[in-house]
Amino acid sequence: MTVSFEPRSVIRRNSLFIIGGAALLAFIFAINAVVSGYLLRRNTVDDRAEQISTLSLILAEHTSQIIFSANTVLQSIEDVIEVEKIESEKSYRTFASSKKSFDLLEEKTRSNSILDVATFVGSDGKVLNFSRSYPAPDINLSERDYFTYLKNHNDSETFYSLPVRNKGNGKWVFYLAKRVNGKNDEFLGVILTGVSVEVFSSLYERIGINIGEGVGITLYRTDKTLLTRWPLVENQIGKVNTNPFIDQSLAAAENGNGVVFSSETGFTRQNADPEMRMISYRKVNEYPFIVGVVVPETLYLSNWYKNAFGVLIASVLSIIIIFIGAYTFLLSYRRSAENKYHAHHDSLTQLPNRTLFSDRLSTALTACKRKQSNLALLFIDLDNLKTINDVDGHTAGDAVLIEVAQRMQQCLRESDTVARIGGDEFIVLLPDVGTEESAMSVAEKIRSALIDPIDADGNLLTTSASIGVAIFPLHGLNATDLMNNADAAMYAAKSKGRNAIVMYGEHMVKTTLKDLI
């Protein structure tokens, strides 16, 4: 059975592979988290943009219906005037100032919650009657834009005014106005229905509050004059929005969803910190109005923040688990590898021990038999290690053993093996050694290397070696015979005076004796 273990260099290399693999896997998880977060963010933005685009379209339709209802009330009042066949200013003033007309205006206003007031105005701008009280207070509207326009233009279409503070109750209102003509199209006055800015804003509130905090819903005339919004900002009502976002969104709506993004200061957020916003505007069909929805980034990315946090936590936990697993596996692997290494190596010199050497000898013998080649065993015994231990201490003896092991390794090829099999006993395996002379040459190289003084903590110590040599197949056909014969040759070298090399022989022994230095 072949002995399997991993050298220290392999253990270190594999440990680096484990650490590198864990780091790579963690990096992949991190990249996956970033990519997932990016894709999730993009999908969230796209989905939200479609929702906001749809919402602005719905709001535009909703606004159209509200204006239509207000306009219908105005048209119904005009129809009453036509039925009365009013042809002169006198008849108009008589009709408009009557209690009957007040009841009409009151009933029309009450029928539509969006209406703030309905009014008859004379040719001089004086209020003849209106739905709040009877008789009407002394109010003159001649300076209002709708009055000026309709007085100077014989236009039968509805005029949509700028928002103004109502002179009756001080609340913001914008008016739908129509011209009243006499028999010969002379100007008799104006009829009005006033749309409450606050009530309109409250209608938007019901929608906006379901979207989330920070959303804004606005209504402009086509000249970008702000009529109303939610949340209501009264000091902005009636002002013109000069930002380019409305035009950009309307242009984008022609070929897409009409949603644009901007972090520039908004029209109603002059003093607020800049924040990225999602903006969508739509024209109101058949009416000169534009409705818009503005959603801050914190709102349209709110779900993404939650989901991204979940992805982040999952990724961090996965990476932690990877490193814990890698660390646990690394400890287990290193412990197992170290145990295997120590089970087959001498703890002092780190040379192979008897178990590992026997395995390598068995493998080498099998290869030599197959290739019909030779191998050699060198049985080496240090001559005076016991004396060094007794005189200089075991620490010095250990230093000698470590140095001896290193010197022997330097004398060998990478394919050769030197093992420590006892306290002062070593054995060398030389596969494919070739001739007996080659084996004796290696033995002599080792013997010469070991007689040089050894520095042990400042003390120069000397040792030598007795070496016995056995050759396969000349001196044995199996591991046991070869080791026994090499051991016998080593004892023969010791009996010859030590510091010697002896080649085993059945009938004769070849020896090489060297004088002690």
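**Exercise 1. Find which residues of α9 meet which residues of α13.**

Solution. R354, L361 and L365 in α9 meet A479, L482 and M483 in α13. Contact here means heavy atoms within 4.5 Å. Next, sort by class: the contact has 5 nonpolar, no polar and 1 charged residues. Ala, Val, Leu, Ile, Met, Phe, Trp, Tyr, Cys and Pro count as nonpolar, Asp, Glu, Lys and Arg as charged, and the others, Gly among them, as polar.

This is a predicted model: local features need pLDDT of at least 70, side-chain atom pairs count only at pLDDT 80 or more, and totals for chains, interfaces and linings use all residues. Residues are numbered from 1 along each chain as its sequence is written, and side-chain values use heavy atoms, leaving out hydrogens and water.

**Exercise 2. Describe the packing of α9 and α13.**

Solution. Take helix α9 as residues 354-371 and helix α13 as residues 479-495. Helices (H or I, at least four residues) and strands (E, at least two) are DSSP runs, numbered from the N terminus. The angle is about 115°, and the axes are 10 Å apart. Axes are lines fitted to C-alpha atoms, for helices over the stretch in contact; angles run from 0 to 180 degrees between N-to-C directions.

**Exercise 3. Lay out the open sheet of 5 strands.**

Solution. The order is β8-β7-β11-β10-β9, with antiparallel pairing. Strands pair if DSSP finds at least two bridges between them. The edge strands are β8 (226-230) and β9 (259-262). Twist averages 20° from one strand to the next. Inside the sheet, 7 bridges join β10 (residues 277-283) to β11 (residues 289-296). M278 stands opposite V295 in β11.
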